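Student: I would like to learn how to read a protein structure, feature by feature. Could we look at one together?

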Amino acid sequence: MNARLPALLALLTVTLGLLGLCLGATGWSWPWQAGTDPVILWELRMPRTAGAWLAGGLLGLTGAIAQGLFRNPLADPYLLGSASGASLGVAAVLAVGGTAGAEAMAAGSWLIRLGLTGAAFLGAIGAVLLTLVLAQGLAHTLRLLLAGVIVGVVLGAMTSLLGLAVPAIAPALQAFMVGSTGLLGWTSVALLAAVLVTGLAVSIVLGPWLDALSLGEETAASLGLPVGMLRAALLAVLALGTGTVVAQAGLVAFVGLAAPHAVRAVARLTHRPLLVASSLMGGVLLLAADLLSRWLLAPQELPVGILTSCLGGGYLLWWMRRQSRGAGAA
Amino acid sequence: MRVARALLAPTACRAWAAAIAAVLLAAAVLPARAATEVRDDRGKVIRFASPPRRIVSVLPSLTETVAALGGVDRLVGTDRYSDWPETVRALPKVGGGIDPNLEAIVALKPDCVLIAPSARVSRRLEQLGLRVVALEPKTHADVRRVTRVVGTLLGSPSTQRLLADMDRGLAAAAARVPARVRGLRAYVEVDQTPYAASSGSFLGETLARLGLANIVPASMGPFPHLNPEFVVAANPAIILMAGGSAAELSARPGWKRIDAVRAGRVRVFDRQEGDVLVRPGPRLAEAAALLADALAVLAP
């Protein structure tokens with residue numbers, strides 16, 4: 001089982017990746033076939049395919065971290081208000097850009113561009129910090145979750161307010177909310193890859209500590225582990241990973257929640273392999289969703305976040321039914 | 001007998017004649033004044049005893065239509081996005097199309113509320129006894145239809161002239177488009193994610209009237225969300241954007257090689273210009289002129 005799952009996920013990654021190179025705006029075609037533009041292949045399809053996989057990988061990883069950290073199978077990387085913080089950041093930059101006019105925007109376009117990505121990232125980090133302050137630290141998991149929900153709702157309301165006040169940004173904001181993998185380029189790929197590698201490295205080092213934490217915080221502390229510091233490190237990975245994905249691809253729902261569940265459904269793993277497998281699973285899930293979003297309405301796109309919501313929601317419902325049936329039998 | 005004689009006396013005859021004349025005159029004049037009747041986009045017929053004098057408009061294109069038909073003085077309030085003509089900016093604002101403020105509308109005591117058919121507030125307004133005319137122009141044909149309806153509503157004498165002006169303006173703008181631009185394929189972007197304006201959208205129709213081809217067909221709906229690859233593959237010769245920036249456009253993966261980007265045939269319209277372009281209202285000819293000017297500059 002241990003070797004089979006990674007092998008299966010790797011196989012799926014390669015297969016879906018190759019399909020991703022063959023699926024364009026006009027339908028399927030072999031990349032080496034005449035008529036396939038090399039620029040489209042190299043500059044659009046490849047980074048988009050790789051970027052979708054990497055973003056999904058980060059969501060899977062952060063989802064598994066969140067579920068381990070909060071010892072709650074329903075924890076999600078967007079918990080702690082990070083998603084709403086990122087949305088507010090994006091809305092603020094759009095609103096400023098929208099009122100400044102096109103000339104100013106053209107002049108400061110690199111700023112605006114960096115602004116959208118940077119603002120999403122800063123918003124996510126800011127929201128997480130705000131949640132931590134409101135929860136008075138990391139000590140109480142329930143308080144942390146509640147504070148996260150509150151921050152999420154309040155920042156979400158502020159985003160709605162901005163959307164109403166500056167109507168011009170409404171479509172852009174909405175597009176951001178439903179996620180998009182369509183405009184991922186090599187820069188995004190490099191950034192996502194760097195964060196994923198860092199996050200995986202930290203997770204591999206700290207994985208065993210999450211196993212200790214699953215026995216309870218006091219047990220973990222009694223084992224002589226620096227609980228506070230380890231928790232802070234994992235939260236940093238969580239915020240960095242979520243912020244990066246949101247900044248590059250918008251809000252992609254359910255991948256972070258569903259990926260660890262999908263892994264647990266086929267294998268019982270300790271945290272170290274679970275984190276790695278969840279990351280691979282997340283990559284496969286988002287890549288599959290990206291292919292569907294290109295294919296279903298081609299050449300139009302179904303926003304990828306809407307697909308992940310439907311597919312992820314459906315999967316979790318199925319999982320829930322199976323769980324309750326299992327509980328009934330036992 | 002005496003009664004009959006009295007009725008036929010010369011003075012009485014004159015009185016009769018005056019009475020009959022008054023009735024005939026009333027019959028001739030009153031229908032025009034009394035029965036203003038319009039059918040709105042919900043298919044509902046709304047009757048007015050006399051043309052409305054206190055109008056609240058909750059859609060910018062309807063505000064503009066009322067103003068263009070000479071009814072700007074009858075507007076007593078608008079939605080917060082209505083900003084043309086200049087004078088409507090000073091009017092009380094009653095919220096937006098999605099979030100109209102029911103109380104603010106009622107407080108203005110309008111005798112007519114102009115609003116989009118999708119607005120949920122209409123039912124409440126009608127329950128409160130207000131007259132609601134729901135209209136939503138989306139295409140060039142809609143603009144003409146809505147102009148006629150609002151013209152009837154206002155009893156405006158200038159409806160035909162406004163319609164003729166629009167046609168003349170469109171034709172003049174089309175005539176100004178350089179011949180080498182005609183038939184070139186354009187990509188019109190309304191949002192950077194990217195959402196396009198197809199040839200089925202209002203803006204797309206204006207562009208088609210100017211003789212340009214659109215890389216996005218009407219069959220995809222007015223504002224489809226596109227796979228960016230589609231635009232790169234279609235390789236448009238001209239790109240028109242409502243918002244965003246040319247630098248951001250060329251920074252998108254693979255977009256640098258699009259003919260329009262390579263040749264610098266990209267025009268970004270600012271927000272106010274964008275409003276003129278996308279609002280299906282009486283400034284249709286102005287929108288066409290704006291596009292014609294842009295095309296004259298961008299001509300290869």
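Student: At what angle do the axes of helix H2 and helix H11 of chain A cross?

Tutor: Happy to help, and keep in mind that this is a predicted model. Two packed helices are described by the angle between their axes and by the distance between those axes. Here, helix H2 (residues 38–69) and helix H11 (residues 271–295) of chain A cross at roughly 140 degrees, and their axes come within 6 Å. At that angle, H2(A) and H11(A) are therefore oblique to each other, and their crossing is right-handed. The residues of this contact divide into 15 nonpolar, 11 polar and 1 charged.

Student: How are H1(A) and H2(A) oriented to each other, parallel or antiparallel?

Tutor: Use the same two numbers again. Helix H1 (residues 4–22) of chain A packs against H2(A) at an angle of about 150 degrees, with the axes 9 Å apart. Angles over 145 degrees count as roughly antiparallel, so H1(A) and H2(A) are roughly antiparallel to each other. This crossing is right-handed.

Student: Which residues of H1(A) and H2(A) meet?

Tutor: From H1(A) come A:Thr13, A:Gly17, A:Gly20 and A:Leu21, and they meet A:Leu41, A:Arg45, A:Met46, A:Thr49 and A:Trp53 in H2(A). Sorted by class, this contact has 4 nonpolar, 4 polar and 1 charged residues.

Student: What span should helix H5 of chain A have at 1.5 Å a residue?

Tutor: Take one less than the number of residues and multiply by 1.5 Å. H5(A) covers residues 141–165, which is 25 residues, so the expected span is 36 Å; the end C-alpha atoms are 36 Å apart, in agreement. You can try the same check on helix H9 (residues 227–249) of chain A: its 23 residues should span 33 Å, and its end C-alpha atoms are indeed 33 Å apart.

Student: Which residues in H5(A) are buried?

Tutor: An α-helix has 3.6 residues a turn, so residues three or four places apart point the same way. With that in mind, look at the buried residues of H5(A): A:Leu144, A:Ala147, A:Gly148, A:Val151, A:Gly152, A:Leu155, A:Thr159, A:Leu162 and A:Gly163.

Student: Is A:Ala139 buried or exposed?

Tutor: Count the C-beta atoms around the residue: 12 or fewer within 10 Å makes it exposed, and 20 or more makes it buried. A:Ala139 has 12 other C-beta atoms within 10 Å, so this residue is exposed. Its place is the loop between helix H4 (109–134) and H5 of chain A. Sequence distance and spatial distance are separate readings: A:Ala139 and A:Gly228 are 89 residues apart in sequence, yet their C-alpha atoms are 8.1 Å apart.

Student: Where does A:Phe254 lie?

Tutor: A:Phe254 is in the loop between H9 and helix H10 (255–266) of chain A. This residue is buried, because 25 other C-beta atoms lie within 10 Å. Leaving aside neighbours within four places in sequence, A:Phe254 is in contact with A:Thr308, A:Ser309, A:Gly312 and A:Gly313. Its C-alpha atom is also 9.8 Å from that of A:Leu286, which is 32 residues away along the chain.

Student: What is the phi of A:Phe254?

Tutor: Look at the sign as well as the residue type. The phi of A:Phe254 is near 75 degrees, a positive value in a residue other than glycine. A:Gly250, which follows H9(A), also has a positive phi, near 75 degrees. In chain B, B:Lys109 is not a glycine but has a positive phi of about 50 degrees. B:Lys109 sits in the loop between H4 and strand E5 (112–115) of chain B and counts as exposed, with 11 C-beta neighbours inside 10 Å.

Student: Which peptide bond is cis?

Tutor: Here the angle to read is omega. The bond from B:Trp84 to B:Pro85 is cis, with omega near -10 degrees. B:Pro85 is in the loop between strand E4 (75–78) and helix H4 (102–107) of chain B.

Student: How many residues does the contact take from chain A and from chain B?

Tutor: The contact takes 35 residues from chain A and 31 from chain B. On the chain B side, H9(B) gives the most, with 5 residues. By class, that side has 15 nonpolar, 8 polar and 8 charged residues.

Conventions. Residues numbered from 1 in each chain as written. Chains lettered and ligands numbered in written order. Predicted model: local features only at pLDDT ≥ 70, side-chain atom pairs only at ≥ 80, totals over all residues. Contact = placed C-beta atoms within 7 Å. Helix = DSSP H or I, 4+ residues; strand = E, 2+ residues; numbered from the N terminus. Nonpolar A, V, L, I, M, F, W, Y, C, P; charged D, E, K, R; others polar. Axes fitted to C-alpha atoms, helices over the stretch in contact; angles between N-to-C directions. Parallel < 35°, antiparallel > 145°, perpendicular 65-115°, else oblique. Left-handed = near helix turned anticlockwise from the far one by under 90°.
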